[in-house]
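Please work through the exercises below with the sequence and the model at hand. Each task is followed by a solution in steps.

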Amino acid sequence: IVLQGLHEETAQLAAVKLPTPDLNKDEQWLKRFEQEVKPLKSVTHPNLVRLQDAGKEGELHWMAMDWIEGFTVKDWLDEWVRVGQPVPLDQIQLFMKQMVEGLWCLHAQGIVHRDLKPANLLVDKETGVVHVADFGLAKQSGMEEETLLTRTGTFAGTMHYMAPEQSEGFDITPATDVYALGVIWHELLASKRPGAGKFKLQKLR
């Protein structure tokens, strides 16, 4: 659940993320949420959506990220595909450079995003700056990976961008994000993912 919020003291807009009611009652999930939010508080970079704060109001946990007014790289790519025009190579180069720089900052702090995809890359409509967003699955590399599946039985990540080690539930490293970045690069260049339309989970095994 994502809502637009306003900081009482600074009047700064924020994207306030709330867990679903069932997750908000799951003690194991909440403990993991608190552990994974801590390292993000110290990470700041022009190409990352900044974590403003996180906390608990009554029994409700929340996370407030900077509000980026703009569009996603997915929306941007979909529009080029819709009009039947190739994506400008110089724009791809600019976007990829910013994605890499944002990820470098995360990885330098020992944090792996785990769910990198065009829908999680926000472009500021005023500046054109790309921001890596949605750290809902981010975690410090080296931490024990409990399982490939979340408590609801869905993948901890997005299948089409998921590295083989992630799909098998093995330890994740910065290379997990680099794999996803490669898929995004292919998608921007070819306007489709590698093997689009033929993807099966077995291909990751």
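The exercises move from the overall fold to salt bridges, a pocket and single residues.

This is a predicted model, in which local features need pLDDT of at least 70 and side-chain atom pairs count only at pLDDT 80 or more, while totals for chains, interfaces and linings use all residues. Residues are numbered from 1 along each chain as its sequence is written, and side-chain values use heavy atoms, with hydrogens and water left out.

**Exercise 1. The fold**

Task: State how many helices and strands the protein has, and give their pattern along the sequence.

Solution.
- Step 1. Helices (H or I, at least four residues) and strands (E, at least two) are DSSP runs, numbered from the N terminus.
- Step 2. The count is five helices and nine strands.
- Step 3. Along the sequence the pattern reads β-β-α-β-β-β-α-α-β-β-β-β-α-α.
- Step 4. Of the 205 residues in the protein, 41% are buried. Here buried means under 20% relative accessible area, exposed over 50%, and partly exposed in between, with a 1.4 Å probe and protein chains only.

**Exercise 2. Salt bridges**

Task: Determine which residue pairs with Arg50 in a salt bridge, and which parts of the chain the pair ties together.

Solution.
- Step 1. A salt bridge is a side-chain nitrogen of Lys or Arg within 4 Å of a carboxyl oxygen of Asp or Glu. Side chains of opposite charge can pair when their charged atoms come close.
- Step 2. The structure holds five salt bridges. In one of them Arg50 pairs with Asp66, and the closest N and O atoms are 3.1 Å apart.
- Step 3. Because Arg50 lies in the loop between α1 and β3 and Asp66 in strand β4, the pair ties together parts that are 16 residues apart in sequence.
- Step 4. Arg50 is partly exposed at 30% relative accessibility, whereas Asp66 is buried at 16%.

Task: Describe the salt bridge of Glu101 and the place of both partners.

Solution.
- Step 1. The partner of Glu101 is Lys97, with the closest N and O atoms 2.6 Å apart.
- Step 2. The two residues are four apart in helix α3 (residues 89-108), so about one helical turn separates Glu101 and Lys97.
- Step 3. Glu101 is partly exposed, with a relative accessible area of 31%, and Lys97 is partly exposed at 48%.
- Step 4. The C-alpha atom of Glu101 is separated by 9.7 Å from that of Val132, 31 residues apart along the chain. Val132 belongs to strand β8 (residues 130-132) and is buried at 1% relative accessibility.

**Exercise 3. A pocket**

Task: Find the volume of the second largest pocket and the strands that contribute to its lining.

Solution.
- Step 1. On a 1 Å grid over the protein atoms alone, a pocket is an open set of points where a 1.4 Å probe fits, with protein on both sides within 12 Å along at least five of seven lines; lining residues have an atom within 4 Å of a point.
- Step 2. Grid points are joined across faces, edges and corners, and a volume is the space filled by probe spheres set on the points. The second largest pocket has a volume of about 300 Å³.
- Step 3. Its lining residues include His7, Glu8, Glu9, Gln52, Asp53 and Trp62.
- Step 4. At least two lining residues come from each of β1 (2-6), β2, β3 (51-57) and β4.

**Exercise 4. Residues in loops**

Task: Say where Asp26 lies and which backbone atom its side chain reaches.

Solution.
- Step 1. Asp26 is in the loop between β2 (13-17) and α1 (27-37).
- Step 2. Its relative accessible area of 15% makes Asp26 buried.
- Step 3. The Asp26 side chain reaches the backbone nitrogen of Gln28 at 3.0 Å.

Task: Compare the setting of Arg114 with that of Ser191, starting from phi.

Solution.
- Step 1. Although not a glycine, Arg114 has a positive phi of about 80°; Ser191, also not a glycine, has a positive phi of about 60°.
- Step 2. Arg114 is placed in the loop between β6 (111-112) and β7 (121-124), while Ser191 lies in the segment after α5 (174-190).
- Step 3. Arg114 counts as buried at 9% relative accessibility, but Ser191 counts as partly exposed at 32%.

Methods
A polar contact is a pair of N or O atoms within 3.5 Å; within protein, one must be able to donate a hydrogen and the other to accept it, and residues adjacent in sequence count only if both atoms are side-chain atoms.
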